[in-house]
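Subject: Structure handover

Hello,

Here is the structure I said I would pass on. Please look through it first, and then read the notes below with the view open beside them.

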Amino acid sequence: MQAINTADFLFSTMVRSDGTVLHRWHDGDVGIAGTSSDYLSLSWSCMVLYQVTGDEKWFIRSQDLEKEASLRFYDHQNGGYFQTESLVDLPVRLKDHTDGPVPSVNGIAYLLLRSLGEITGDEEYIKKSQDIERYYAKSEEWVAYSSPSFLMGRCENKHRGRAVL
């Protein structure tokens, strides 16, 4: 399966043993610290591989990546994930909440956290997903509607985890 080969490649080249995810690979050269989107997109991909294959390796990797993403990017005050790490000295840390050519990091995070919470029953995942719901609720109405990934997660939540395709 091509998806498994791709994920194995990413873990062997782009994920360091300390859990750090790198952003760029070109002709064998890796570099640039990963963003929240890199961590959470890979974590969500592992969750989907787990759901498709039943191989627990992917579930564990998904959890590990979410944990790293939360340590580095999670906004404990207002919910959601910043794009950059807290260690980066920036005057403003932005959050991605609308989908563009790729899903927003907070839409992906919501899908991921709902799945992790549903499978494990872990209240921390559920609380973080609820924090993201409140984050979107504080935004203007159009913001939530400009994030189909978040809305898909809300629909799956409403229909008790059945996938929305």
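**What was found**

Of the contacts in the chain between residues at least 6 apart in sequence, 51% join residues at least 24 apart. Please keep in mind that this is a predicted model.

**The chain overall**

The chain has seven helices and two strands. Read from the N terminus, the order of the elements is α-β-β-α-α-α-α-α-α. The chain has 165 residues, and 41% of them are buried. Its accessible surface comes to about 9,400 Å², with 54% of that belonging to carbon and sulfur atoms.

**The nonpolar core**

In soluble globular proteins, nonpolar side chains tend to be buried together. Here, the largest nonpolar core has 31 residues. Phe-11, Leu-40, Leu-65, Tyr-81 and Ile-132 are the ones with the most contacts inside this core. Two or more core residues come from each of helix 1 (2-13), helix 2 (36-53), helix 3 (56-73), helix 4 and helix 5. Which helix gives the largest share of this core? That is helix 4, with eight residues.

**Helix 4 against helix 5**

Helix 4 covers residues 105-120 and helix 5 covers residues 123-138. The two pack at an angle of about 150°, and their axes are 8 Å apart. The crossing of helix 4 past helix 5 is left-handed.

The residues that meet are as follows:

- From helix 4: Asn-106, Gly-107, Ala-109, Tyr-110, Leu-113, Arg-114, Leu-116, Gly-117 and Thr-120.
- From helix 5: Tyr-125, Ile-126, Lys-128, Ser-129, Ile-132, Glu-133, Tyr-135 and Tyr-136.

Sorted by class, this contact of helix 4 with helix 5 has nine nonpolar, five polar and three charged residues. Ile-132 appears in this contact, and Ile-132 is also one of the residues with the most contacts inside the core.

**Two buried residues**

Ile-108 is in helix 4. Is Ile-108 buried or exposed? Its relative accessibility is 6%, so Ile-108 counts as buried. Leaving aside residues up to four places away in sequence, Ile-108 touches Leu-40, Ser-41, Trp-44, Pro-103 and Ser-149. One of these, Leu-40, is 68 residues from Ile-108 in sequence, yet the two are 6.8 Å apart in space, C-alpha to C-alpha.

Ser-62 is in helix 3. Why does Ser-62 count as buried? Because its relative accessibility is 0%, and buried means under 20%. With residues up to four places away in sequence again left out, Ser-62 touches Ser-43, Cys-46, Met-47, Leu-112 and Leu-116. Leu-116 is also among the helix 4 residues that meet helix 5.

**Two residues with positive phi**

Most residues other than glycine have a negative phi. Two residues in this chain are worth checking against that.

Asp-27 is not a glycine, but it has a positive phi of about 50°. Asp-27 sits in the loop between strand 1 (22-26) and strand 2 (29-33). Its relative accessibility is 66%, so Asp-27 counts as exposed.

Ile-32 is not a glycine either, and its phi is positive at about 65°. Ile-32 is in strand 2. Is Ile-32 buried or exposed? Ile-32 counts as exposed because its relative accessibility is 52%, and the cut-off for exposed is over 50%.

**Three exposed residues and their distances**

Lys-67 is in helix 3 and is exposed, with a relative accessible area of 56%. Its C-alpha atom is separated by 9.5 Å from that of Tyr-39, and the two residues are 28 apart along the chain.

His-76 lies in the loop between helix 3 and helix 4. At 62% relative accessibility, His-76 is counted as exposed. How many residues apart along the chain are His-76 and Asp-131? They are 55 residues apart, and their C-alpha atoms are separated by 8.9 Å.

Glu-118 is in helix 4, and with a relative accessibility of 57% it counts as exposed. Glu-118 and Asn-157 are 39 residues apart in sequence, and 9.2 Å lies between their C-alpha atoms.

Regards

Notes. Residues are numbered from 1 along each chain as its sequence is written. This is a predicted model: local features need pLDDT of at least 70, side-chain atom pairs count only at pLDDT 80 or more; totals for chains, interfaces and linings use all residues. Side-chain values use heavy atoms; hydrogens and water are left out. Axes are lines fitted to C-alpha atoms, for helices over the stretch in contact, and angles run from 0 to 180 degrees between N-to-C directions. A crossing is left-handed if the near helix is turned anticlockwise from the far one by less than a right angle, and right-handed if clockwise. Contact means heavy atoms within 4.5 Å. Ala, Val, Leu, Ile, Met, Phe, Trp, Tyr, Cys and Pro count as nonpolar, Asp, Glu, Lys and Arg as charged, and the others, Gly among them, as polar. Buried means under 20% relative accessible area, exposed over 50%, partly exposed in between (1.4 Å probe, protein chains only). Accessible areas come from the Shrake-Rupley method with a 1.4 Å probe; for residues, only the protein chains shown count as cover. A nonpolar core is a set of buried Ala, Val, Leu, Ile, Met, Phe, Trp, Tyr and Cys residues joined through side-chain atoms within 4.5 Å.
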